[in-house]
Amino acid sequence: MSTNNMSDPRRPNKVLRYKPPPSEGNPALDDPTPDYMNLLGMIFSMCGLMLKLKWCAWVAVYCSFISFANSRSSEDTKQMMSSFMLSISAVVMSYLQNPQPMTPPW
Amino acid sequence: MKVLHTFCIVLLVFGSVSEAKFDDFEDEEDIVEYDDNDFAEFEDVMEDSVTESPQRVITTEDDEDETTVELEGPDENQEGDFEDVDTQEGDTESEPYDDEEFEGYEDKPDTSSSKNKDPITIVDVPAHLQNSWESYYLEILMVTGLLAYIMNYIIGKNKNSRLAQAWFNTHRELLESNFTLVGDDGTNKEASSTGKLNQENEHIYNLWCSGRVCCEGMLIQLRFLKRQDLLNVLARMMRPVSDQVQIKVTMNDEDMDTYVFAVGTRKALVRLQKEMQDLSEFCSDKPKSGAKYGLPDSLAILSEMGEVTDGMMDTKMVHFLTHYADKIESVHFSDQFSGPKIMQEEGQPLKLPDTKRTLLFTFNVPGSGNTYPKDMEALLPLMNMVIYSIDKAKKFRLNREGKQKADKNRARVEENFLKLTHVQRQEAAQSRREEKKRAEKERIMNEEDPEKQRRAKLRLKKKKKKKFSIFSTFGTLHQLIAL
């Protein structure tokens, strides 16, 4: 009879496969940063496009970058890409309509 | 007609260049005078004036008759030419302008200029006309910021990856000696060790180990800081946070007795007591100091009953906890673990959440954020503690008294839950019954065979009668008793 210390604790017959935890509402609760940043990015790009404010468009680009960096694994890449493209287009359109350099608000 | 047309164009042009000078020109008499007969003279005059002053001539579009229009030059000159037409004076043709005519006019500009004897101010050329990169300094700043963010993303991602790999290299041997399956992402057909971490995010890495006595499996989650996000990096400069390693061991039902127990930093325990379903229900007292067992002051204990604490705090466990107190955030053993409290919108859930016998460990990586791969070696003894805990949980059994207490506690919690949800459960049962009836009726209606339909309807009627008769019997009996 072998003691517990000597015997191998491994049991190949008791192997269980990994089951990814079911995604409940918890992912959004854990860290809402990517969702907020995505929303902010879209709002700022629309403001930049409609009101022709260059600084809005630049902030939108930053928001979409931050959202991408904080994104969860289950995040849809299509949404990331679409918000990114929207913010880039807001910047480009602002400069096409008005090539003047941005003036600081102060 | 062509001449008339040309003349109209001339009129329009003169009208737009100067307004005040054409008093004579705007008089109706003058306009009236210009009938067709005069145009011939006008033409001659115009042709003459062409030869005399060619430099101030601009031809119009219908320039077939060689009529010219003077758009530039002093107004007096043009006025003078027209006056020539009217008065047919040859003398004025040669002079550029009539001095007498514009005496008053010359004074006015002089007087106006004498009023505004301001020094000459040099106005700055607007930025967009400057044609230099310096005026776009804000844009350059923005792009630089973006580049800095991207650089930080790449650097942070790589650092997290190196830390994860360093952790795995350190712990691989210990894990492989204890578990058959080390590393599984659940996608392979066969249960074979992948031998590497699952990357969930840029800052979260998972590892699943299985195939050991006592436990079903162990999920290790490396929760690093978000080094890839520059905002997070800047926020951490204000408030230092540590990387964490979270280990969740799922025990077999027969290998763990029924108790709920937690030890860790006071702050962590207070937070867990609020958040976790089982700790809030079974360990209602505040976290107690562990000084009685020789634990440092930084650690506190939450326990369902004293016997559990006495059983858990053996020498080796106390040794582990004391030596590595700075790295331990929380240790939580529970047979009623169901995760954090679920806040449902409709109110209480209708049945108790599923529970699992679990051992949870949360360790802080030393360095407080400024972690290096070699710091991962400091966590190896903690993994030994985990393995020891698994074996201990299997060995530790409550005595008879303890078991009774534990069973009472669990019954109490269940009863409380049932009381709270009584109304909801009643409503749910009612709706279920109605649903059944509706389904039955629908089934009868859908029955194609009319004979079968008739028989089914009869059966339903009989059932209703029976129920009604039973109720009425009870009702009368009740009344009799009451009397």
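**Entry 1. Glu451(B) and its partner**

I looked up Glu451(B) to begin with, and this residue is partly exposed, with a relative accessible area of 33%. For burial I use under 20% relative accessible area as buried, over 50% as exposed and anything in between as partly exposed, with a 1.4 Å probe and protein chains only. The model is predicted, so I note that local features need pLDDT of at least 70, that side-chain atom pairs count only at pLDDT 80 or more, and that totals for chains, interfaces and linings use all residues. Residues are numbered from 1 along each chain as its sequence is written, chains are lettered from A and ligands numbered from 1 in the order in which they are written, and side-chain values use heavy atoms, with hydrogens and water left out.

Glu451(B) is in a salt bridge with Arg454(B), and the closest N and O atoms are 2.7 Å apart. I count a salt bridge when a side-chain nitrogen of Lys or Arg is within 4 Å of a carboxyl oxygen of Asp or Glu. Side chains of opposite charge can pair when their charged atoms come close. Arg454(B) is partly exposed at 48% relative accessibility. Both residues belong to helix H18 of chain B, 3 residues apart, which is about one turn of the helix. I also found a network in which salt bridges with shared partners join Asp257(B), Lys403(B) and Asp407(B). Helices (H or I, at least four residues) and strands (E, at least two) are DSSP runs numbered from the N terminus.

**Entry 2. Other salt bridges**

How many salt bridges does the structure hold over all chains? I find 23. I looked up two more of them.

Arg172(B) and Glu176(B) form a salt bridge with their closest N and O atoms 3.9 Å apart. This pair sits within helix H9 (residues 137-178) of chain B, with 4 residues, about one turn, between the partners' positions. Arg172(B) is partly exposed at 27% relative accessibility, and Glu176(B) is partly exposed at 34%.

Glu329(B) pairs with Arg271(B), where the closest N and O atoms are 3.7 Å apart. Glu329(B) is in strand E11 (residues 328-337) of chain B and Arg271(B) is in helix H11 (residues 266-275) of chain B, so this salt bridge ties together parts 58 residues apart in sequence. Is Glu329(B) buried or exposed? Glu329(B) is buried, at a relative accessible area of 15%, whereas Arg271(B) is partly exposed at 39% relative accessibility.

**Entry 3. Two surface patches**

I looked for surface patches, taking residues with over 30% relative accessible area and no salt bridge, with like charges joined within 9 Å and nonpolar side chains (Val, Leu, Ile, Met, Phe, Trp, Tyr) joined within 5 Å. Lys and Arg count as positive and Asp and Glu as negative, without His or the chain ends. A charge is placed at NZ of Lys, CZ of Arg, CG of Asp or CD of Glu.

A positive patch on the surface gathers Arg432(B), Arg433(B), Lys436(B), Lys437(B), Lys441(B), Arg459(B), Lys463(B), Lys464(B) and Lys467(B). Helix H17 (422-446) and helix H18 (450-482) of chain B are the elements that give two or more residues to the positive patch. Which element gives the largest share? H17(B) does, with 5 residues. I checked Lys464(B), which is in helix H18 of chain B and is exposed, with a relative accessible area of 54%.

The nonpolar patch is formed by Ile470(B), Phe474(B), Leu477(B), Leu480(B) and Ile481(B), with about 560 Å² of accessible area together. Accessible areas come from the Shrake-Rupley method with a 1.4 Å probe, and for residues only the protein chains shown count as cover. Leu477(B) is in helix H18 of chain B and is partly exposed at 44% relative accessibility.

**Entry 4. Positive phi**

Most residues other than glycine have a negative phi. Lys52(A) is not a glycine and has a positive phi of about 55°. Lys52(A) is in the loop between helix H2 (33-51) and helix H3 (54-69) of chain A, and is exposed, with a relative accessible area of 55%. The C-alpha atoms of Lys52(A) and Met93(A) are 8.3 Å apart, with their positions 41 residues apart along the chain.

Ser368(B) also has a positive phi, near 55°. Ser368(B) is in the loop between strand E12 (356-364) and helix H15 (380-395) of chain B, and is partly exposed at 41% relative accessible area.

**Entry 5. Record check, chain A**

UniProt, in an unreviewed entry, lists residues 39-68 of chain A as "transmembrane region". UniProt positions are in the numbering used here, feature names are shortened, and annotations may be inferred rather than shown by experiment. In the model this span is 93% helix and 0% strand, and its end C-alpha atoms lie 12 Å apart.
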